[in-house]
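This report introduces a pocket, a helix and two loop residues to a reader who has not met the structure before. Please keep the sequence and the model in view while reading.

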Amino acid sequence: MLPIATAYLDSHVGFSVWLATLYFIGPGLLVWAMAGNSNIFRQLGFSLFFLVACAFSLILNFQAFFIFVVILGVQVSTVLPFVSIFAVALGWWLLRNLPIAQDTVLAQSAEGKSSGYKLELPFLGGVIALVATSVIFIRTVAADTPGVFFEWDAVASWNRWAVEWFVNTPPINTAGYPQLLPTMIAAIYTWLGSAQTEPVARFFLLIFPVGTCLIFVDAFQRWKNPAFLFGAAIWLFILTKVLPGMPNSGYADIPVAFFVTITGYVILLGTS
């Protein structure tokens, strides 16, 4: 049964990519369902919840690789699809059946977002700046997509460690670097059945720069301060003009920036 299932996933790339997407969101649904009554989760809303779910899922993904590969010595490709499907199904069931007052959660997270925006100069300037930098960002990323990892650290370290995780070999010469990013890339390789799918892995890495931008947009929606629009525009400008090629290069700098930003933002929401 397991070889048949993995062979099917290997031969259906689109379906595998879709399941991989659910895999990175599914465990987050579990966290939301079980912790949805806390004030911090009541304030998230859908867009920010999606980003938090991805962050939690990446952490759980690393734990899964560590348990299966290092402790149990199990071929991760044979269990990962079933673990992810179970997590998604259980998370969805909990969302639908646990009394976590979902309507109240959505209502409270939307509170303060319903009032209109004043068409003043700072607001219009922020919108124009964000739209312009978004277009530049999309064109820059599109020009480099699809593509393989080519930056030195991405090839010599991060992607090399990902390939080692993919073939069920725990990396040894890591110099103490965290393995969250390599196990994320390894999970994508596992879903697609090949380490020669670097363009797909690079596409998934866009969640970090885009997610950081969405945090600024979410902050603007909550507090109606155009400074957050300019913050998002400056972030995209840095990615395209100051650090070109960095958004999905395979370096850990952008993922670290994402995790630092979302951690600080969620703490801010929890204390506000």
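A pocket here is an open set of grid points where a 1.4 Å probe fits, with protein on both sides within 12 Å along at least five of seven lines. The model shown is a predicted one, and its second largest pocket holds about 250 Å³ of space. Lining this pocket are 11 residues, and those that lie nearest its centre are T21, F50, C54, F204 and I207. Three helices, α2 (13-35), α4 (45-71) and α10 (198-204), each contribute at least two residues to the lining of the second largest pocket. When the lining is sorted by class, 10 residues are nonpolar and 1 is polar, while no charged residue is found there.

Elsewhere, helix α12 spans residues 227-242, and its buried residues are L229, G231, A232, A233, W235, L236, L239 and T240. These buried residues of α12 pack against three helices, namely α7 (121-143), α11 (207-223) and α13 (253-271).

Two loop residues that are not glycine have a positive phi, and the table sets them side by side.

| Residue | Phi | Loop | Relative accessible area |
|---|---|---|---|
| N168 | near 60 degrees | between α8 (152-166) and α9 (180-192) | 18% |
| K224 | about 55 degrees | between α11 and α12 | 24% |

Which of the terms buried or partly exposed applies to N168? Because buried means under 20% relative accessible area, N168 with its 18% counts as buried. K224, at 24% relative accessibility, counts as partly exposed, and this residue sits in the loop between α11 and α12.

Methods. Residues are numbered from 1 along each chain as its sequence is written. This is a predicted model: local features need pLDDT of at least 70, side-chain atom pairs count only at pLDDT 80 or more; totals for chains, interfaces and linings use all residues. Side-chain values use heavy atoms; hydrogens and water are left out. On a 1 Å grid over the protein atoms alone, a cavity is a set of points where a 1.4 Å probe fits but cannot get out, and a pocket is an open set with protein on both sides within 12 Å along at least five of seven lines; lining residues have an atom within 4 Å of a point. Grid points are joined across faces, edges and corners, and a volume is the space filled by probe spheres set on the points. Helices (H or I, at least four residues) and strands (E, at least two) are DSSP runs, numbered from the N terminus. Ala, Val, Leu, Ile, Met, Phe, Trp, Tyr, Cys and Pro count as nonpolar, Asp, Glu, Lys and Arg as charged, and the others, Gly among them, as polar. Buried means under 20% relative accessible area, exposed over 50%, partly exposed in between (1.4 Å probe, protein chains only). Contact means heavy atoms within 4.5 Å.
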